[in-house]
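Biologist: I am new to this structure, and I would like to get to know it piece by piece. Please show it to me, and then I will ask my questions.

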Amino acid sequence: MVMRVYKLNIFNNKKITACKCIIREKGKCTVVRMDARKALLYKRIGEPAKKLVHCKLCSHYCIIKEGEVGKCLVRKNIGGTLYSLNWGKSAGFAIDPIEKKPFFHFKPGTRVLSFGTPGCNFRCLNCQNWDLSQAVREGGSNALGVPTTTPLQIARMAKENKADGIAYTYSEPTIFYEYAKDTVLACRKMGLSAFHLFVSNGYFTREMLQEVEREKLLAGIRIDLKFTNDEKYMQVCAAHVQIVKDNIKRVHALKGQIALEVIALIIPTLNDSEEELREMCKFVSSVGKEIPLHFSRFYPQYKMQGLAPTPEKTLLRAREIAKEEGLEYAYIGNTDLKGVENTRCPKCNALLVERDRYLIGKNVFGKLSEKERKNPKCPQCGYGINITI
Ligand code: SF4
């Protein structure tokens with residue numbers, strides 16, 4: 001296959017935005033944006049003439065015909081080559097406390113540069129960032145017409161703002177993996193020691209995780225466990241629970257090479273029953289009792305306006321159940337409840353890290369020596385604490 005990429009502004013002598021290009025193959029032209037990047041993690045399959053591709057970035061494992069897009073709507077098969085259409089299309093840059101992601105057991109008190117792009121492999125009816133994640137589904141391909149921000153510009157932004165790390169968030173980072181990876185590499189090239197975190201729905205593939213591990217791209221992944229019931233996962237998010245569970249196990253099996261935290265949004269009537277909460281806690285505890293589990297309060301969003309916010313007593317009960325099931329660190333977020341975000345020693349209950357929303361108060365790990373940082377312990381009883389300082 002002969003394929004050439006030309007800048008569109010030299011085509012037909014028309015004045016067209018410089019961010020477009022033509023992919024020409026055997027006389028046939030397809031117009032795409034110039035910043036669309038050849039995708040990673042896909043394979044051509046079947047007879048060459050059919051130009052089918054098999055995307056292996058997320059666990060939908062889409063088989064995509066020529067000219068079509070995958071379920072995420074931001075990966076397109078053009079002439080038998082898969083392109084990422086949301087490369088460079090970052091939106092919503094912010095400097096956030098890491099606690100906002102939430103990461104409570106990875107470098108507490110640090111600041112991260114956060115961003116996401118249009119596109120998602122889920123279509124959660126309650127998505128709080130639906131105007132970004134579902135932008136293509138709701139608004140068509142115009143949603144991808146935002147100006148490009150290059151990985152180098154993001155690395156510079158992180159440096160100028162003295163960010164300790166970068167969080168790939170707001171929409172599903174798996175779906176902009178090439179862009180995220182290029183950003184990690186741009187930071188490395190600049191000599192920036194920033195860490196990189198995915199705030200993920202946990203639907204990435206084994207292939208993606210293997211690459212992340214091999215190339216040491218990420219320091220942490222926070223995964224959403226939305227339901228334990230597959231029917232509800234399918235109904236609300238169009239996805240399967242087992243894949244998310246398997247990925248929680250896979251990240252955990254990396255034994256701390258990638259920090260793992262799990263979050264569950266508790267939605268009245270959908271996953272707030274005693275049984276569902278217990279099943280959720282039992283599962284996380286069976287993978288690792290030291291995994292931080294966050295229960296987050298639901299507020300009506302997007303297509304789920306008919307439900308009330310989660311009662312605080314439900315969240316407090318969820319935290320109790322987590323403790324009953326042996327989980328060492330369970331938190332409640334998105335409320336004004338006091339003391340539910342503090343990290344305490346699972347053995348002697350000493351206060352280790354004090355939090356109020358995103359503000360850090362006491363932090364006993366603040367002044368550890370290099371040696372102590374490698375193996376943080378409760379200063380009162382010496383119990384080993386799962387925390388990266
Ligand atoms: S990232 Fe997932 S949803 Fe998108 S094309 Fe690939 S397999 Fe399909």
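**Getting to know the parts**

Biologist: Which residue follows α7 with a positive phi?

Modeller: Please bear in mind that this is a predicted model: local features need pLDDT of at least 70, side-chain atom pairs count only at pLDDT 80 or more, and totals for chains, interfaces and linings use all residues. Residues are numbered from 1 along each chain as its sequence is written. Helices (H or I, at least four residues) and strands (E, at least two) are DSSP runs, numbered from the N terminus. With a phi near 55 degrees, the residue that follows α7 is Lys255.

Biologist: How far apart are the end C-alpha atoms of α7?

Modeller: Helix α7 covers residues 241-253, which is 13 residues. The expected span of a helix is 1.5 Å times one less than its number of residues, and for α7 that gives 18 Å. The model agrees with this, since the end C-alpha atoms of α7 are separated by 18 Å.

Biologist: What arc do the buried residues of α7 cover around the axis?

Modeller: A residue is buried if 20 or more other C-beta atoms lie within 10 Å of its own, exposed if 12 or fewer, and partly exposed in between, with C-beta atoms placed from the backbone. By that rule Val241, Val244, Asn247, Ile248 and Val251 of α7 are buried. They sit on the same side of α7, because the arc (taken from the directions from the helix axis to the C-beta atoms) is only 125 degrees.

Biologist: Which exposed residues does α7 carry on the face turned away from its buried side?

Modeller: The buried side of α7 packs against β14 (220-224), α6 (230-237), β15 (259-266) and α8 (274-287). Here a contact means two C-beta atoms, placed from the backbone, within 7 Å. On the face turned away from that side, the exposed residues are Gln242 and Ala253.

Biologist: β15 has come up as a neighbour of α7, so to speak. Which residue of β16 is the bridge partner of Ile263?

Modeller: Strands count as paired if DSSP finds at least two bridges between them. β15 and β16 have five bridges and pair in the parallel sense. Strand β16 (residues 293-297) is mostly covered, with four of its five residues buried. The partner of Ile263 in β16 is His294.

Biologist: In the open sheet with the order β4-β9-β8, which strands stand at the edges?

Modeller: This sheet has three strands, with antiparallel pairing. Each edge strand has a single partner, so one side of it is left without a neighbour in the sheet; the two are β4 (37-38) and β8 (75-78).

Biologist: Which residue of β9 stands opposite Arg75?

Modeller: β9 (residues 81-84) is joined to β4 by two antiparallel bridges, and Lys38 stands opposite Tyr83. β8 and β9 pair antiparallel over four bridges, and they form a hairpin with two residues between them, where Gly79 in the turn has a positive phi of about 60 degrees. In β9, the bridge partner of Arg37 is Ser84. Opposite Arg75 in β9 stands Ser84.

Biologist: Which residue of β7 stands opposite Val53?

Modeller: Another open sheet of three strands has the order β5-β6-β7, with antiparallel pairing. Strand β6 (residues 52-55) is joined to β7 by two bridges. The residue of β7 opposite Val53 is Ile64.

Biologist: Within what arc do the buried residues of α3 fall?

Modeller: In α3, Pro151, Ile154, Ala155 and Ala158 are buried. Seen down the axis, they line one face of the helix, because they fall within an arc of 100 degrees.

Biologist: Leaving aside neighbours within four places in sequence, which residues is Met157 in contact with?

Modeller: Met157 lies in helix α3 (residues 151-160). Met157 is partly exposed, because 17 other C-beta atoms lie within 10 Å. Its contacts outside those neighbours are Phe93 and Leu113.

Biologist: How many residues around the ligand are charged?

Modeller: Residues count as near a molecule or strand if their C-beta atom, placed from the backbone, lies within 6 Å of it, and those around the ligand include Cys55, His60, Lys71 and Arg75. Ala, Val, Leu, Ile, Met, Phe, Trp, Tyr, Cys and Pro count as nonpolar, Asp, Glu, Lys and Arg as charged, and the others, Gly among them, as polar. The shell holds seven nonpolar residues and three polar ones, and its charged residues number two.
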